Structure formats: C-alpha cells, structure tokens
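Here's a short tour of a protein model, written for someone just starting out. Have a look at the structure, then read on.

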Amino acid sequence: MAFQKAVKGTVLIGGGAIATVFGLSQFSQYRNKHGTFVNVQAAEAVTVPIKHDFPTREEQILALQTTREFDVLVIGGGATGCGCALDAVTRGLKTALLERDDFSSGTSSRSTKLIHGGVRYLQKAIMKLDFEQYRMVKEALQERANLLEIAPHLSAPLPIMLPVYKWWQLPYYWVGIKLYDLVAGSQCLKSSYVLSKSRALELFPMLRKDKLVGAIVYYDGQHNDARMNLAIALTAARYGAATANYAEVLRLLKTTDPGTGKERVCGARCRDVLTGQEFDVKAKCVINATGPFTDSVRKMDDQEVPNICQPSAGVHIVMPGYYSPDNMGLLDPATSDGRVIFFLPWEKMTIAGTTDSPTDVTSHPIPTEEDINFILNEVRNYLSVDVEVRRGDVLAAWSGIRPLVTDPNSKDTQSISRNHVVTVSDSGLVTIAGGKWTTYRAMAQDTIDAAIQAHDLNAGSSKTIGLQLQGAEDWSPTLYIRLVQDYGLESEVAQHLASTYGDKAFEVAKIAQVTGKRWPIVGKRLVSEFPYIEAEVIYGVKEYARTAVDMISRRTRLAFLNVQAAEEALPRIVDIMGKELNWSEQKKKEELEAAKKFLYYEMGYKVKSDQLTDSSEITLVPSDIERYKKRFHMFDKDKKGFITILDVQRVLESISVQIDEKTLHDILNEVDLNKNGQVELIEFLQLMSAIQKGHVSGSRLAVLMKTAEENLGQRVVIPVDRSGGGL
C-alpha cells in the first residue's frame with residue numbers, strides 16, 4: 001500500500017514536472033526557432049579558407065612577433081580559450097592565442113571525460129522552478145549534440161546506469177531521467193530505459209546484488225578531453241589563427257583613448273618560455289580565458305578588482321578496465337556526503353570521480369590520499385562484495401581545478417554562478433569565466449559577440465555550429481580497417497590511431513617504423529600493454545608538443561592511464577623528442593626528471609608509492625610469515641637475509657626463464673625500500689603484507705617469486721616404487 005502511494009505520488013509529481021518542462025521546452029524552442037534555423041548550417045557560411053596543414057610553432061611565433069595588430073588576442077589555451085580563437089578566426093577576425101604552458105595542460109585535460117547536460121542541474125531546475133538552470137541544461141544538451149557531430153572520432157555516446165536500491169526511487173528517478181530526454185528533444189542521443197534486476201546484473205555483473213531493485217539507463221557523451229582541446233587549437237591554426245603554447249603573458253599593454261582620455265587594453269607583453277625571448281602582441285581586443293587563473297589576469301588590468309573565481313578541486317582515479325563493462329558507466333546520485341560519483345569506462349580503463357572541495361589556485365594540483373580513499377569507498381558501496389576494490393589497483397590519480405565564479409554583475413555577489421559569465425572591464429578587457437567543458441563553444445560564441453560589441457569589430461555571427469574539427473572530415477567508423485590493410489598495423493593500434501587522429505591517422509601510419517616482424521609490419525609500441533606507438537612521438541612534435549610531459553599526458557594519455565607504464569615509456573620518448581628537437585644530453589636529462597616529477601606529484605605516483613614504505617606495518621599471521629619466508633629462502637640460498645639480482649637470475653635459469661638484467665634491476669628496485677641494491681627479508685614481508693591488505697597490486701617481484709616456487713615444486717621427483725618400477 002505504501003509503495004502504491006509512493007508510486008502514485010511520484011507519478012503525479014512527475015506528471016506535473018513533465019508538463020512544466022514540456023511547456024518550458026516548447027517556449028524555449030519557439031523563442032529560439034528562428035535563431036536555430038539560421039545557425040544550423042552556420043559552418044557552411046565560413047568564408048575563411050582552411051589550410052591543408054597547420055603552421056609550425058616557429059612560424060606561429062614569427063606571426064605573433066611581426067603582425068602589426070590583431071583584432072583579437074586570446075589569453076589561455078584551454079577548451080574555452082581555443083574555442084574563442086576558433087570562433088573569432090572563422091568570423092574573419094585576425095586572431096592570436098597565447099598559452100603559457102601547453103594546450104589543455106590545466107583543467108581541460110583533467111575532466112571526467114563526459115560531454116553532458118547535467119542530470120543533477122535539471123533536478124534542481126524542476127524542484128526550484130529555476131528557469132535559468134533549466135536553460136543551462138538545455139544549452140548543454142544542444143552543445144553535446146554538436147560536439148558529438150563535429151568530432152566523431154574523439155567522442156561517442158555512452159550509456160550510464162543508475163542502480164536503484166529502493167522501490168520508491170524507481171519511478172522517481174525514471175521521471176527525472178525522462179525529463180532529461182525530453183529537454184534534449186530531437187537531440188536526445190538515445191531514449192532512456194528501465195532494467196530489471198537480472199538484466200542490470202547481466203549488463204553490469206560487478207554491481208552489488210543485495211537489495212538491488214532494478215536500474216535506469218540513460219545516455220550522455222564521452223570524449224578524449226585533451227585531444228579534443230588540441231583538435232580545437234589545431235583547427236583554429238589551420239584557419240589562420242596565430243596560436244602558440246609556451247608563450248607567457250607578462251603584463252597587459254595599455255594606451256590612452258584620445259577621445260575619452262581613458263586607458264584601454266591594447267595587447268600584451270609576452271615571453272617565449274622555450275627561448276626566453278620577449279615581444280609585444282598588439283590587439284584591438286584582449287580576451288581573458290584563463291579558467292582558474294581568471295583573477296590573476298584581471299588584476300593585470302586593475303589591481304583593485306575583487307576576485308570572482310572560487311576554485312574547487314575535483315579528483316579522479318583510474319583503475320583497471322575489469323572494474324566496469326567495456327561500454328557502460330555507472331552513476332552514484334547520492335554519495336555519503338551528497339556528491340555525485342561517476343564510474344566510467346575510458347580508453348579500456350575505468351575512471352572514478354569526482355570530488356568537490358575548496359582549493360587554492362595552482363598550476364600543479366596534486367591528488368590527496370583522502371580524496372582517493374573517498375572515491376574508493378563510494379565505489380565499494382556499489383560493487384559486489386565478490387569484487388575486492390583494492391587501493392593498489394589505482395593506476396593513476398589526478399586533480400583538476402574547476403573555475404567556479406561569482407557573477408560581478410549580479411546583485412547577489414556571494415552566490416556562485418552555475419553558468420558562464422562574460423564581463424568587459426572599463427579598459428576593455430573581455431573576461432570569460434565559469435561554465436563547463438561541454439558548453440565551451442557557446443561560451444566562446446558569447447565571448448566573441450561581447451568583444452565585437454565592446455570594441456566595434458567588423459564581423460558577422462558565429463560560424464562554429466557544425467564546424468568539423470581536426471581529423472573529422474574524412475573519418476568513418478571503419479577507417480581503422482584501411483590502416484590495417486594499407487600499412488600492416490595491429491588492429492588495436494589502428495583503432496587507437498583512428499579514434500585519436502581521425503583522418504590524420506594516415507599521416508602517423510606513414511612515419512611508423514617497420515618492425516621487421518611478420519606481423520605487425522609497422523608500428524613499434526612505446527609500452528606493450530598500450531596501443532601508443534613511437535611514430536606518435538614524432539607526430540606529437542609536429543602538433544606543438546615541446547616537453548616529455550606534453551607527450552605522456554596530452555598527445556598520448558599514458559600518464560592519465562597508468563603512471564608506471566608512462567615512466568617505463570619515458571626514456572624512449574625523450575630519445576625520440578631529443579632527436580626531433582635537437583636536445584642536448586643535458587636537456588634530455590632535464591626533461592626526463594621533469595616528467596618523472598610530474599608523474600610523482602600530479603599523476604598520483606607518490607600516493608601510489610607511499611603504500612609501500614620502509615615503515616610499512618607487517619600484519620601477516622604466523623603461518624603466512626613462515627610460508628613467505630620459505631619462498632624467500634628459495635632465492636636466498638646462502639641465508640644472507642637478502643636477495644640480489646644474481647640470486648634471482650640463478651633461480652630463473654633453473655626453471656628456464658630469461659629476463660634481462662635491466663628489467664630485473666627495475667623489478668627489485670620497486671621493493672628495495674632503503675635503496676641499497678638488495679631486497680631484505682623484512683622488505684619482502686612488508687610487500688606481501690601490503691599485497692594482502694590490497695594496498696599494493698601487480699608487484700612483479702611477488703608474481704615472479706610465486707611462479708618460480710610453483711615451477712620448482714612441480715619438478716620434485718615423484719617416487720615410483722609403488723608402481724613396481726614399470727609403466
């Protein structure tokens with residue numbers, strides 16, 4: 001009876017909500033119908049010629065130095081900044097962009113990898129009858145559809161399951177998700193649906209079974225965020241924008257307006273970070289699109305201006321792919337502290353996140369052990385008890401800073417704006433702040449519209465709806481087959497190239513090294529378990545990569561997927577980049593150390609390695625201690641109390657296993673906590689204890705020693721006396 005009342009009440013409320021949203025949706029569509037009709041084919045109205053290729057970084061720097069005056073100068077090379085540059089240049093404006101680090105080096109590469117409207121925002125919009133919030137979701141869903149269309153190689157729809165553990169929640173959540181579909185309208189990716197308990201477990205077998213009632217599945221988009229950002233930057237460059245990474249703005253240039261006597265921003269003094277050379281870039285309009293660093297650029301314009309950015313840290317972790325199905329994500333709508341957690345397949349791994357906590361603005365955000373454990377605990381709540389969620393299975397972790405803002409034009413300056421904010425200072429500096437990845441294009445459009453109005457620039461309407469990004473033009477879902485057939489690439493490598501570079505994958509394949517094997521014919525991998533190949537490093541330099549960090553984190557995504565694999569690939573990456581960029585031996589050494597530092601602090605290597613230290617507690621029971629001592633002494637034949645590379649080599653030779661000395665050194669070094677070149681018994685017991693507690697996983701030494709013990713055990717002579725000595 002109670003259940004029937006709950007369902008009836010939910011359906012009545014839901015019916016009213018659906019009617020309300022339908023009315024709002026119809027009103028919004030009616031109001032925007034003419035504008036939408038005009039903009040549907042906006043991309044076809046672009047009159048600016050696009051180049052077959054993009055200029056080199058050196059040519060871009062030269063253009064910045066020699067151009068007398070640009071119409072628009074964008075500061076910031078994240079998604080929004082690059083979006084502004086693309087919007088401006090396709091309107092025919094002479095455009096420049098400066099980024100002090102690498103394209104997408106900040107927040108834009110550290111997202112949840114979702115292209116979404118925001119289910120939770122819609123819930124708030126309905127509950128509070130907040131039309132502004134509703135409009136934000138509506139806009140994001142329109143932008144979601146556009147982004148999936150203009151970069152199909154980098155993005156795709158993803159079904160996301162919302163498990164339900166209470167009967168009354170099933171109709172409640174169903175109504176909410178159906179409203180989400182309704183707001184998307186004709187741009188709904190695929191209709192949501194309800195699953196029975198058995199069907200939910202069939203699709204997501206690692207889900208917690210007890211008390212599960214059923215599930216609801218809805219669709220959002222997913223993308224490779226750093227590559228998407230880079231595609232926007234490269235597309236802007238091909239249309240003629242002078243874009244440069246590692247070009248730092250030192251200060252804003254100002255001139256006095258002869259008509260009004262007011263100071264006006266007229267450009268920026270900048271420095272080529274790679275050469276140290278300083279130069280001025282003049283522009284009619286300067287746009288501040290620096291995300292978390294919004295206020296630092298605003299203070300270059302006016303020291304007295306109040307801060308509007310309220311930075312929030314979002315931590316994500318990466319776990320092995322077996323934690324989630326290949327093509328379905330999971331949404332936890334109500335965590336223990338009210339935050340939303342996503343659990344998503346990405347690049348054949350599993351992403352879990354995100355947290356939301358106040359932070360300071362920094363170029364190098366670091367994930368904390370507290371945030372990692374919070375995410376792991378929430379994951380445990382939703383996965384079956386049969387699945388042991390181990391701390392040691394965290395392969396990488398990162399923190400991104402959300403640039404939440406207060407609207408300086410709002411009467412209530414204390415409230416954080418849920419949407420983006422465009423402001424124009426008295427001196428003409430245009431600032432775009434807030435918003436989210438999905439709406440980067442709409443944010444850019446609003447920004448350039450404001451710039452045109454504030455600076456009386458000669459340009460028409462935005463042309464970026466439907467404008468295909470780098471790699472999309474001749475891409476098809478079967479393009480990878482041609483790569484396999486024409487170049488002899490492994491199928492997995494070909495699929496990766498096609499989904500990363502789109503129709504430019506053939507340019508990477510052309511420079512791929514011949515392996516000398518029967519198969520694959522070309523394409524030498526950087527690390528065995530990932531499809532990244534050496535040719536991508538050469539091509540990455542062409543794509544403006546200038547540091548080893550650029551290569552492991554943004555041109556490839558190795559650092560975001562597995563920090564140990566990234567470290568393993570680094571020496572070869574540095575060698576190839578060194579050859580392409582004429583690095584000295586000292587420069588190569590510096591790049592290697594800088595990349596290792598990046599992995600250690602920003603990609604979670606430190607919090608991973610801290611799980612096993614020389615002070616780690618041993619919590620093994622006596623029987624386990626004896627068992628592991630016995631295994632250890634199989635290698636320590638001389639009872640020295642420690643084992644060396646020679647001890648391991650001797651045992652491996654006895655079971656006909658060969659591992660090169662460098663690899664053996666790396667294997668022992670992972671466990672050699674006091675770094676004295678040998679593994680003591682206490683260190684081995686600390687390792688086995690950490691493995692038992694789930695703090696460490698994938699230890700090569702532990703697996704190697706266990707395998708050796710099993711193989712040696714199988715070689716014990718079996719007595720034959722009871723068989724009579726015969727056959």
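When comparing the directions of two helices, angles under 35 degrees count as roughly parallel, over 145 as roughly antiparallel, 65 to 115 as roughly perpendicular, and the rest as oblique. Keep in mind that what you're looking at is a predicted model.

Now try that on a real pair. Helix α16 (residues 548-555) packs against helix α19 (residues 585-601) at an angle of about 40°, and their axes are 8 Å apart. So α16 and α19 count as oblique to each other. On the α16 side, the contact uses Ala548, Val549, Ile552 and Ser553. On the α19 side you'll find Glu591, Ala594, Ala595, Phe598 and Leu599. Sort these contact residues by type and you get 7 nonpolar, 1 polar and 1 charged.

Let's zoom out to the whole chain. The protein chain is split into domain 1 (57-109 + 227-305 + 408-455), domain 2 (114-223 + 311-403), domain 3 (478-609) and domain 4 (618-713). Between the centres of domain 3 and domain 4, taken over C-alpha atoms, there are 32 Å.

UniProt, in an unreviewed entry, puts the feature "domain: EF-hand" at residues 623-658 and 659-694. Here's how those spans come out in the model:

| Span | Helix | Strand | Distance between end C-alpha atoms |
|---|---|---|---|
| Residues 623-658 | 64% | 6% | 32 Å |
| Residues 659-694 | 58% | 6% | 27 Å |

Next up: charges. Side chains of opposite charge can pair when their charged atoms come close. How many salt bridges does a search of the whole structure find? The search turns up 42. One salt bridge brings together the side chains of arginine 91 and aspartate 449, at 2.8 Å from N to O. This pair ties together distant parts of the chain, with the partners 358 residues apart. Arginine 91 sits in the loop between α3 (79-90) and β2 (95-98), while aspartate 449 belongs to helix α11 (residues 440-455).

Finally, a few backbone oddities. Most residues other than glycine have a negative phi, and most peptide bonds are trans. Which residues does a cis peptide bond with omega of about 20° join? That bond links glycine 353 and threonine 354, and threonine 354 lies in the loop between β14 (349-353) and β15 (357-358). The peptide bond from tryptophan 519 to proline 520 is cis too, with omega near -5°. You can spot proline 520 in the loop between α14 (505-510) and α15 (535-542). Then there's lysine 348, a non-glycine residue with a positive phi, near 65°. Lysine 348 is in the loop between β13 (341-346) and β14.

How values were computed
Residues numbered from 1 in each chain as written. Predicted model: local features only at pLDDT ≥ 70, side-chain atom pairs only at ≥ 80, totals over all residues. Heavy atoms only, no water. Axes fitted to C-alpha atoms, helices over the stretch in contact; angles between N-to-C directions. Helix = DSSP H or I, 4+ residues; strand = E, 2+ residues; numbered from the N terminus. Contact = heavy atoms within 4.5 Å. Nonpolar A, V, L, I, M, F, W, Y, C, P; charged D, E, K, R; others polar. UniProt positions renumbered as here; feature names shortened; annotations may be inferred. Domains from an automatic or database assignment. Salt bridge = Lys/Arg side-chain N within 4 Å of Asp/Glu carboxyl O.
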